[in-house]
Amino acid sequence: MVIHLRKVLVGPPDAVVVPGATVRHMAVPEDVPAWLALRVRAVADLTPSPRPWLHADFAAEMFDRPWWHSERIWLACAARAPQPVIGAVTLAIRESRSVKMPVVHWLIVDPAWQRRGIGRMLLSQLERATWESGFREVQLETHSGWAAAVAFYQSIGYAPVRAPAPR
């Protein structure tokens with residue numbers, strides 16, 4: 001079952017810094033294989049498990065969307081790691097006839113880097129971009145069975161919302 005959460009932004013979010021990690025925008029197409037490999041690592045132990053993705057799936061989920069812009073994908077990178085891309089977040093702007101809503105489209109963190117602030121760091125970048133674009137709310141969807149993800153989002157101010165974002 002999908003759960004919808006939202007966070008009201010009451011001021012410009014502070015940038016979160018994690019020692020040994022940096023954030024940058026995704027370079028396309030160079031970073032797509034690293035993003036796909038990160039996704040494999042990040043969802044490996046989830047139940048229910050998302051299906052595997054190929055480059056075509058990434059293209060359909062990202063490139064082919066009307067909201068797609070490479071500056072709306074941030075990558076967390078580690079200076080000293082076997083796989084330098086250790087996290088990623090994507091901002092989508094979903095639109096209906098009357099509403100535009102910023103949505104966390106994907107947040108994934110390498111399991112070896114979880115609980116170190118990488119998710120907070122990435123979301124702080126997304127929330128700052130959201131604020132700077134004039135929006136004061138961010139929404140997201142996650143699976144209700146992914147208890148750690150739900151707890152993480154709630155710990156940083158996301159709360160359940162009844163009406164989902166426009167598709």
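**Exercise 1. Helix packing**

At roughly what angle do the axes of helix 1 and helix 2 cross, and within what distance do they come?

*Solution.* The model is predicted: local features need pLDDT of at least 70, side-chain atom pairs count only at pLDDT 80 or more, and totals for chains, interfaces and linings use all residues. Residues are numbered from 1 along each chain as its sequence is written, and side-chain values use heavy atoms, with hydrogens and water left out.

Step 1. Helices (H or I, at least four residues) and strands (E, at least two) are DSSP runs, numbered from the N terminus. Helix 1 covers residues 32–43 and helix 2 covers residues 55–63.

Step 2. Axes are lines fitted to C-alpha atoms, for helices over the stretch in contact, and angles run from 0 to 180 degrees between N-to-C directions. The two axes come within 11 Å and cross at roughly 100°.

Step 3. Angles under 35 degrees count as roughly parallel, over 145 as roughly antiparallel, 65 to 115 as roughly perpendicular and the rest as oblique. Helix 1 and helix 2 are therefore roughly perpendicular to each other.

Step 4. With contact taken as heavy atoms within 4.5 Å, V32, W35 and L36 of helix 1 meet H55, F58, M62 and F63 of helix 2. These residues divide into six nonpolar, one polar and no charged, where Ala, Val, Leu, Ile, Met, Phe, Trp, Tyr, Cys and Pro count as nonpolar, Asp, Glu, Lys and Arg as charged, and the others, Gly among them, as polar.

**Exercise 2. Backbone geometry**

Identify the cis peptide bonds at P29 and P48, and describe phi of R115.

*Solution.* Step 1. Most residues other than glycine have a negative phi, and most peptide bonds are trans.

Step 2. The bond from V28 to P29 is cis, with omega near 10°; P29 lies in the loop between strand 2 (21–25) and helix 1. The bond joining T47 and P48 is also cis, with omega about 0°, and P48 is placed in the loop between helix 1 and helix 2.

Step 3. R115 has a positive phi, near 65°, and belongs to the loop between strand 5 (100–109) and helix 3 (118–132). Because its relative accessibility is 82%, R115 counts as exposed (buried means under 20% relative accessible area, exposed over 50%, partly exposed in between; 1.4 Å probe, protein chains only).

**Exercise 3. Burial and contacts**

Determine whether T90, V103 and W113 are buried or exposed, and state their surroundings.

*Solution.* Step 1. T90, in strand 4, is buried at a relative accessible area of 1%. Not counting residues up to four places away in sequence, T90 touches nine residues, among them M62, W67, V103 and L126.

Step 2. V103, in strand 5, is buried at 2%. V103 and G117 are 14 residues apart in sequence and 20 Å apart in space, C-alpha to C-alpha.

Step 3. W113 is found in the loop between strand 5 and helix 3 and is buried at 15%. With residues up to four places away in sequence not counted, W113 touches G20, A78, A81, I86 and I118. The C-alpha atoms of W113 and F135 are 30 Å apart, with their positions 22 residues apart in sequence numbering.
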